[in-house]
Amino acid sequence: MSRYFTEEHDLFRKSFQEFLQKEVVPHIEKWEETGTIERFIWKKFGEMGYFGLNQPEEYGGMGLDLFYTVIFLEELQKINSGGFAAAMWAHAYLAMTHLKVEADHDLKEKYLTPAIEGEKIGCLCISEPFGGSDVAGMKTTAVKKGDKYVINGSKTFITNGVYADFYVVAAKTAPEKGNKGMSIFLVDKEFKGISATKLNKLGWRASDTAELAFDNVEIPAEYLLGEEGKGFNYIMQHFAMERLIMGINAHARSEFALDYAMGYMKEREAFGKTLDKFQVLRHSLAEMVSEVEVIKEFNYATAQRLNDGEYVVKEASMSKLLATKISDEVMYKCLQMLGGYGYMEDYPMARLFRDSRLGPIGGGTSEILKEIIAKMVIDQKEYKPAAE
């Protein structure tokens, strides 16, 4: 046990590890190859309650503290499929977070409960083909006509975009107001005018990442999430969680890669001794393990503050910035330690190397995060949650 994890947390970790080994790992290679995660596994996650860890009990969740989520994220990184992990956490912590916080009771009953049960898959639609990290610059519009909104525009790099049964979509309701004219909507895949194109990625091969087009999609006015014009605030508020998630993912996959590399080095011999006896490699490992341990402790401390209700946008940005940078460096060096075998797809390092590279890009690029942090520490800019 540690200051962050109780005996109950440890039991949950062990049971989740066993679940992943039994229900997920046997299918990973097929899903990586086909790029399609079969529906049955979503339902099994739902049956076990894994999508409801931090969701209210009223809608089928468990209402547990954030460190159950930390364990969920860490263990998903240790079965060597960044794509599978992304599909699960994007559903549970990107799409469902907006439903949990901004949807009314009726929408929660209709979408949040089946999402917790694994019966409906969700995705969050913010990035656009010409916008990327520039959220305020989005072009998608939602025009109110009577008791409906009509949505037009496109989104890209959307995790679960093809699988999804519902989309949480950001759109401009008052384009002339800039980021103060943005709103968030729930869009059912059955609504007419939606098309999805699957994208071919370097890594995260198991997950489905899509470009979506919305062509005069009519949705009921009550499918507006929260208040009109508050969309940008909602997005920014939840970015802290998303960035911390990606920071936690990064330290967890770094640990997995280091454990694998050390195991390999204990067995692999060169010049009459195992690789783990060469000082240059030992010292390189010592440095990497130290960096990962430091960022992990920072991530845990930030998770504790988020769990306590603090608004940790600065710390979460720092977490993602540093943890993903460290992860990429760890993957590069660990692959090098395997020599030619590191370059072979039959060994786990090749996939780890590819999957890790998304870290400094997705959920806000490292360049954007540096500017956000700079604004806070140099310009003394304050970001506040939407509720204030």
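The crossing of helices H6 and H9 is left-handed, in what is a predicted model. Helix H6 spans residues 231-267 and helix H9 residues 348-356, and the two pack at an angle of about 160° with their axes 11 Å apart. Because an angle over 145 degrees counts as roughly antiparallel, H6 and H9 are described as roughly antiparallel to each other. On the H6 side the contact is made by Arg253, Phe256, Ala257 and Tyr260, and on the H9 side by Pro348, Met349, Leu352 and Ser356. Sorted by character, the residues of this contact of H6 with H9 comprise six nonpolar, one polar and one charged.

Helix H6 also packs against helix H7 (residues 279-307), here at an angle of about 150° and with the axes 10 Å apart. The pair H6 and H7 is therefore roughly antiparallel, and the crossing of H6 and H7 is left-handed. From H6, the residues that meet H7 include Met241, Leu244, Gly247, Ile248, His251 and Glu255, while those of H7 include Leu281, Leu285, Met288, Val292, Lys296 and Tyr300. The residues of the contact of H6 with H7 divide into 15 nonpolar, five polar and two charged.

The two helix pairs are set out below.

| Helix pair | Packing angle | Axis separation |
|---|---|---|
| H6 and H9 | about 160° | 11 Å |
| H6 and H7 | about 150° | 10 Å |

Turning to the strands, E1 (residues 122-125) is covered on both of its faces, with Gly122 and Leu124 buried on one side and Cys123 and Cys125 buried on the other. Strand E1 is joined by four bridges to strand E4 (residues 166-172), and these two strands run parallel. Within this pairing, leucine 124 stands opposite valine 168 of E4.

Strand E4 is in turn joined to strand E5 by seven bridges, this time with the strands running antiparallel. Alanine 171 has serine 183, in E5, as its bridge partner. Strand E5 also pairs with strand E8 (residues 224-225), in the antiparallel sense and over two bridges, and there phenylalanine 185 stands opposite leucine 224 of E8.

How many residues of strand E5 (residues 182-188) are buried? Seven of the seven are, so E5 is largely enclosed by the rest of the structure. In a regular strand the side chains alternate between the two faces of the sheet. In E5, Met182, Ile184, Leu186 and Asp188 point one way, whereas Ser183, Phe185 and Val187 point the other way, and all of these are buried.

The loop between helices H3 (66-76) and H4 (82-102) holds asparagine 80, and lysine 78 and serine 81 also lie in the loop between H3 and H4. Asparagine 80 has a positive phi of about 55° although it is not a glycine, and, with a relative accessibility of 10%, asparagine 80 counts as buried because the cut-off for that class is under 20%. Serine 81 is likewise classed as buried, at 1% relative accessibility. Leaving aside neighbours within four places in sequence, serine 81 is in contact with Ile28, Glu32, Ala206, Arg351 and Asp355.

Lysine 78, by contrast, is partly exposed, with a relative accessible area of 25%. When residues up to four places away in sequence are not counted, lysine 78 touches Ala252, Glu255 and Phe256. The C-alpha atoms of lysine 78 and glutamate 255 are 8.5 Å apart in space, although the two residues are 177 residues apart in sequence. Two of these partners also figure in the helix packing: Phe256 belongs to the contact of H6 with H9, and Glu255 to that of H6 with H7.

A positive phi also occurs at phenylalanine 271, where the value is near 55° in a residue other than glycine. Phenylalanine 271 is placed in the loop between strand E9 (269-270) and strand E10 (273-274), and, with a relative accessible area of 82%, phenylalanine 271 is exposed.

Finally, arginine 13 lies in helix H1 (residues 7-34). Is arginine 13 buried or exposed? At 16% relative accessibility, arginine 13 counts as buried. Not counting residues up to four places away in sequence, arginine 13 touches Phe5, Ile71, Glu74 and Glu75.

Definitions and conventions
Residues are numbered from 1 along each chain as its sequence is written. This is a predicted model: local features need pLDDT of at least 70, side-chain atom pairs count only at pLDDT 80 or more; totals for chains, interfaces and linings use all residues. Side-chain values use heavy atoms; hydrogens and water are left out. Axes are lines fitted to C-alpha atoms, for helices over the stretch in contact, and angles run from 0 to 180 degrees between N-to-C directions. Angles under 35 degrees count as roughly parallel, over 145 as roughly antiparallel, 65 to 115 as roughly perpendicular and the rest as oblique. A crossing is left-handed if the near helix is turned anticlockwise from the far one by less than a right angle, and right-handed if clockwise. Contact means heavy atoms within 4.5 Å. Ala, Val, Leu, Ile, Met, Phe, Trp, Tyr, Cys and Pro count as nonpolar, Asp, Glu, Lys and Arg as charged, and the others, Gly among them, as polar. Buried means under 20% relative accessible area, exposed over 50%, partly exposed in between (1.4 Å probe, protein chains only). Two strands pair if DSSP finds at least two bridges between them.
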